[in-house]
Amino acid sequence: MYRKLARMLSERLKKRYRVARRLYEKRNRPTPADRGAPPVAAEGNMLASDAAKPFRFVLYRIIGNDLEPRHARGQSRDNLRFILENEPVLEGCEKRFIVNRIVNPDEHAAIVALLESHDQPYIDIPFDEQTYASTPWDFEGLSFPGFTRSEDFHALSEAEQGRVMMRLYRHRNLYVMNNNGARNVALDEGCQLADWVLPWDGNCFVTAAAWTAIRAGIEASAQQRYYIVPMARITDNQQLLATDFRPSAEEEPQLVFRRDAVERFDERHPYGRRPKVELLWRLGVPGRWDRWKIEPWDLPCPAYAPQAGQFAQAGWVARLESGKAHLEGDPSRGLVDRGVARVEAVTGLLDRLDARFMASHRSTGSLLFYDGNALLAPGDRAGDAELFEEAAAALARGPFSVVDKSTLAPSGDPHDYWHPAPYYWPSPILPKWLPYMPRDGVRVPGTVLYAPESDQYDRTRLQRLFDDVTTCAIAWARSGEARYAQHAATLIRVWFIDPTTRMNPHLKYAQVRQGHDRNRGSKSGIIEMKDIYFLLDAVRLVERAGALADADREAFRLWLRSYLEWLRTSSQGRAERRSANNHGTYYDLQIAAIASYLEDYALVSTTLRDSRERILEQFDEAGAQPEELKRTTTAHYCCFNLQGWVYLALLAERHGQDLWHFRDDRGRGLEKAFEWLLSFEGRDWPWRQIDTFDTDRFQPLRAAHAYAYHPASVSGDIPAPRQSIRLYHPHDGVRPWWFLGREGRGNDDFDAQRRGS
């Protein structure tokens, strides 16, 4: 009791400390005003051609992607049409447009057609999907690896969390939105065409009165190199057609550049995070943006530019309606609300692009982890003797169901999966206050796989399901005999589909510590479903064999959707996602494998983004695994965790992404992790390992390493399949018949081979 009380007090003190620390840090974040007053500008000079007035102006409008929910769908094209049909001729000013990486081919074609129908000159900056897909994430702005899953992150406001995510998406945002890149393209061309260049946003509209004011302001003091044009947000475009309309222009301004202005927009700053304001800061243009905080995930505040202070104000410009009038209203909330909507819009667009790219690399039913070419290889099948021996044993077993266990989950529902925490033993000293105590690496009776007493619980049945479905599915692929696929289908129906025998789609009672947390399962229990990734490859084979009816397939998908929702939203699932060790690896593997099977490619992409951050969290610069080296069976856990990364990397590769070669500036990445671990092959393991370790577990890791990197530093040949260990213990994390995987034999597609046979 006293220990529990002490822990509660300790957690409360830690929470109060974290809150106080966050408040202190937030109050003391720097602002641009901390730089002091800008330097006094040197007296400006006139352009050499000023005497030969009138000045020549060129106005560029940059037409970008629609961003729902920040903008209404089709708003960019609607506003462009309004400009082309209603904006007056601007005396002394040429109008040009930039079509800026429109990702929707139909929308791109419609915008180009609209411009050409009005004889408008434009520059087309194309969107290239392959270039986008190879654009990295930006983890450098995170407070620490794993930050987006941490308590510190979840304690931030919604707006702050969004700004963190915008930093994470920065490089991808920079490519797709390309705000400052397009502005600089306009400046580079415009300075060759005119005396003054207006590289403005696509939604800017200039009335006759506004243009008169802009032009008069510039011509009255043309010795300045930069002019600031305040902007007014419009909620109804029709207002601009009234000749006497003059709104209050108090929003973030547009800029005009004299042709000899040297400053440019900083292309490191993405849309939605002060890309234009950064230049206002450098030029020393005063405004409310001088009080904006520079947050830890922001790029640094810039110093004043050599031409700081060389600006003046001229006229005003209107910003056409966004289609979201509620975001343009209350100035006290508008900035924050627009920011939240902008984050949702940008990240949503980029996630959809990732999903589109992934879908183009996947064909329905194709395998993720096994190599279809190896499964269907013709010729000598002598090496299959062990496979068909195991398949015969599988035919004689099952079907398996959670309702068959001899005890019940604490819920009393036989359909609930149930298994006690394997490393928590009854306390011999303080059973009243501390009924169970941990003994890491030493399993409680009943939690040892395949042991007779394990029949009380569901863990052994679940593993039999995974392994037997997979063995039978592969036996069908190797032989074409329907009985194997039919038995696998029966196992699937009994465990996942039949209402009388199916498992409820959750793990609420996995790894329960009796007397703790109201006898609910722990986050760690989620790892007991880790092997669902290779089961799903087996299900794909069973479906290919025609052994599952359409109704069965839909019922199985419904089960997976429910389980996936539980994984992502339950307190257990959210806690497991935050795990910094192998549990986090296998959580990502479950999520990504299920999402891929359900063709939810946006979720696959965000999960693999999480996985990249997790790599930086789990491995140090040498490639060691600090979290796994804390355990009592360190060799086991280092191999087990890296084996999970093999499967995540194979899954990523199958979706057109590369985890194998991902690394940060400090060198943290999977390649270093392989080199570090494999360097101990054939040597004494120097860390704690309380039970016997099977050194043959290096073999599939060495095969994966050779598959991904082929480095000269790895000695020895990979054993041929007949010499390979085919079946490892499930606790080792090596999938059955691993040598038939892509890292074992190749990477040809099953479907392509089947179609050609």
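The expected span of a helix is 1.5 Å times one less than its number of residues. Keep that in mind for the first stop on this tour of a predicted model.

**Stop 1: helix α2.** Select residues 75-86. With 12 residues, α2 should span 16 Å, and its end C-alpha atoms are indeed 16 Å apart, so the two values agree. Now colour Q75, S76, N79, L80, F82, I83 and L84, which are buried. What do the buried residues of α2 pack against? Show β1 (57-63), β2, α3 and β5 (204-205) to see their partners.

**Stop 2: a β-α-β unit.** Next, select β2 (residues 93-100) and β3 (residues 122-125): these strands run parallel and are joined by four bridges. One pair to click on is F97 and its bridge partner in β3, Y122. Add helix α3 (residues 105-117), and you have a right-handed β-α-β unit made of β2, α3 and β3.

**Stop 3: salt bridges.** The whole structure holds 56 of them. Begin with E295 and R29, whose side chains meet at 3.6 Å, N to O. They are 266 residues apart: E295 sits in the loop between α10 (277-283) and β8 (311-313), and R29 in the loop between α1 (2-27) and β1. Are they buried or exposed? E295 is buried at 6% relative accessible area, and R29 is buried too, at 11%.

Then select R233 and E251, a salt bridge of 3.3 Å, N to O. R233 lies in strand β6 (residues 226-233) and E251 in strand β7 (residues 251-258), so the pair ties together parts 18 residues apart in sequence.

Finish by selecting R29, E160, R163, R273, R274, E295 and D298, which salt bridges with shared partners join into one network.

Key
Residues numbered from 1 in each chain as written. Predicted model: local features only at pLDDT ≥ 70, side-chain atom pairs only at ≥ 80, totals over all residues. Heavy atoms only, no water. Pairing = 2+ DSSP bridges. Helix = DSSP H or I, 4+ residues; strand = E, 2+ residues; numbered from the N terminus. Right-handed = clockwise from strand over helix to strand, strands pointing away. Buried < 20%, exposed > 50% of the residue type's maximum accessible area, 1.4 Å probe, protein only. Contact = heavy atoms within 4.5 Å. Salt bridge = Lys/Arg side-chain N within 4 Å of Asp/Glu carboxyl O.
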